[in-house]
Each structure stands twice: as C-alpha cells, then as structure tokens.
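I opened my notebook and looked a few things up. Here are my entries, in the order I made them.

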Amino acid sequence: MEHPRRREGVMEIIKNYPCPDGSQNNQHHAIVVFQGDEFRAEIAVSVGGNCYGADLFDSFISQALEKHATSDDADYFKMPMKYPDGRICEFEGDEREFERMCVAVYITRIVPEEDE
C-alpha cells in the first residue's frame, strides 16, 4: 500500500515540476523503490544539476545502486530487502537485474541549487 504523504507529495511536485531550462540547476531528492516478490527496499538519493525526465530517473536508479555496489566489483550489487513481517533477504545481481526490480521513484523535493 502506498504511503499517503508520499503520494500527496509526488502529485504536488508533478503539478509544479519546473520546465527543462538550461539556465537552472536543481537538487532533486527522491526515494527509489526496488521490489522482488514481497521483499522491498527504499533508498533515499539526490541528484543535482540540469537533469530532467528519463535522464533524471536513470540517475536516481544508478545512484541507488552505487550505494550497494560490492567492494570487489562495481557492476555487481547486493541489496538488503525487507519482507512485510520484518525479515530481511539480501538480493544479488547486476545493474540490469536491479533496473528490472525498480518499481517506483518518488520525487520528494526539488530545490534550486543556489538555495541549498
């Protein structure tokens, strides 16, 4: 079930999302959600610069995965995911496998970089 405040925040941001503008850099804050069966991981990330749309979402997913890269191989990831009853399972895979497990990206805040 979706968290009501997150849904409300996402809808508000979408209504006021800035048009792509080469002169404005923004810091975008988001929660990236990965899910495998009922196991789920929510990872907070932020991306700065002049990035919008699909490019921005790709950056969010890449940053979330970088937080879980193994020390041996930067292209292989281990991510703990939580089951609704609290059990934790560590999922392993490459970037493509985790991209396919990304079920949502919630933009939680957009701040012009000079205001941060």
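**Entry 1: R96.** I started with R96, which counts as exposed at 53% relative accessibility. For my own use I noted the cut-offs: buried is under 20% relative accessible area, exposed is over 50%, and partly exposed lies in between, with a 1.4 Å probe and protein chains only. R96 lies in helix 3. I then looked up its C-alpha distance to Y76: the two are 9.9 Å apart in space and 20 residues apart in sequence.

**Entry 2: what I am looking at.** I reminded myself that this is a predicted model, where local features need pLDDT of at least 70, side-chain atom pairs count only at pLDDT 80 or more, and totals for chains, interfaces and linings use all residues. Residues are numbered from 1 along each chain as its sequence is written, and side-chain values use heavy atoms, with hydrogens and water left out.

**Entry 3: the layout.** I found 3 helices and 5 strands in the protein. Helices (H or I, at least four residues) and strands (E, at least two) are DSSP runs, numbered from the N terminus. Along the sequence I read the pattern α-β-β-α-β-β-α-β. Of the 116 residues in the protein, 34% are buried. I also noted that the protein exposes about 7500 Å², of which carbon and sulfur atoms supply 46%; these areas come from the Shrake-Rupley method with a 1.4 Å probe, and for residues only the protein chains shown count as cover.

**Entry 4: contacts along the chain.** Contact here means heavy atoms within 4.5 Å. Among contacts in the protein with a separation of 6 or more, 58% are between residues 24 or more positions apart. I picked out one pair to look at: I110 and H28 are 82 residues apart along the chain, yet their C-alpha atoms are separated by 4.6 Å. I110 lies in strand 5 and is partly exposed, with a relative accessible area of 23%.

**Entry 5: the core.** Which residues have the most contacts inside the largest nonpolar core? I listed V32, F34, F60, M79, M81 and F98, in a core of 22 residues. Such a core is a set of buried Ala, Val, Leu, Ile, Met, Phe, Trp, Tyr and Cys residues joined through side-chain atoms within 4.5 Å. At least two of its residues come from each of strand 1, strand 2, helix 2 (53–66), strand 3 (76–82) and strand 5 (102–112). I followed V32 further: leaving aside neighbours within four places in sequence, V32 is in contact with residues including A41, I43, V45, F60, A64 and A104.

**Entry 6: aromatic rings.** Rings of Phe, Tyr and Trp (its six-membered ring) pair if their centres lie within 6.5 Å; planes under 30 degrees apart count as stacked, over 60 as edge-to-face and the rest as tilted. By this rule I have 5 aromatic pairs. The ring centres of F34 and F98 are 6.2 Å apart and their planes are at 85 degrees, so I wrote this pair down as edge-to-face. F34 is in strand 1 (residues 26–36) and F98 in helix 3 (residues 95–99), so the pair links distant parts of the chain, 64 residues apart. Both F34 and F98 are buried. Ring pairs also join F34, F77 and F98 into a cluster.

**Entry 7: charges.** I counted 3 salt bridges, each a side-chain nitrogen of Lys or Arg within 4 Å of a carboxyl oxygen of Asp or Glu.

- R96 bridges to E99, with the closest N and O atoms 3.7 Å apart. The two are 3 residues apart in helix 3, about one helical turn, and E99 is partly exposed at 33% relative accessibility.
- R40 bridges to E42, with the closest N and O atoms 3.2 Å apart. R40 is partly exposed at 29%, and E42 is partly exposed at 39%.
- R87 bridges to D85, with the closest N and O atoms 3.0 Å apart. R87 is partly exposed at 45%, while D85 counts as exposed at 52%.

R87 turned up again: its charged end sits over the ring of Y83, 4.1 Å from the centre. That label needs NZ of Lys or CZ of Arg within 6 Å of the ring centre and within 35 degrees of the ring normal.

**Entry 8: D37.** Last, I checked a backbone angle. Most residues other than glycine have a negative phi. D37 is not a glycine, but its phi is positive, at about 55 degrees. I placed D37 in the loop between strand 1 and strand 2 (39–49), and D37 is exposed, with a relative accessible area of 73%.
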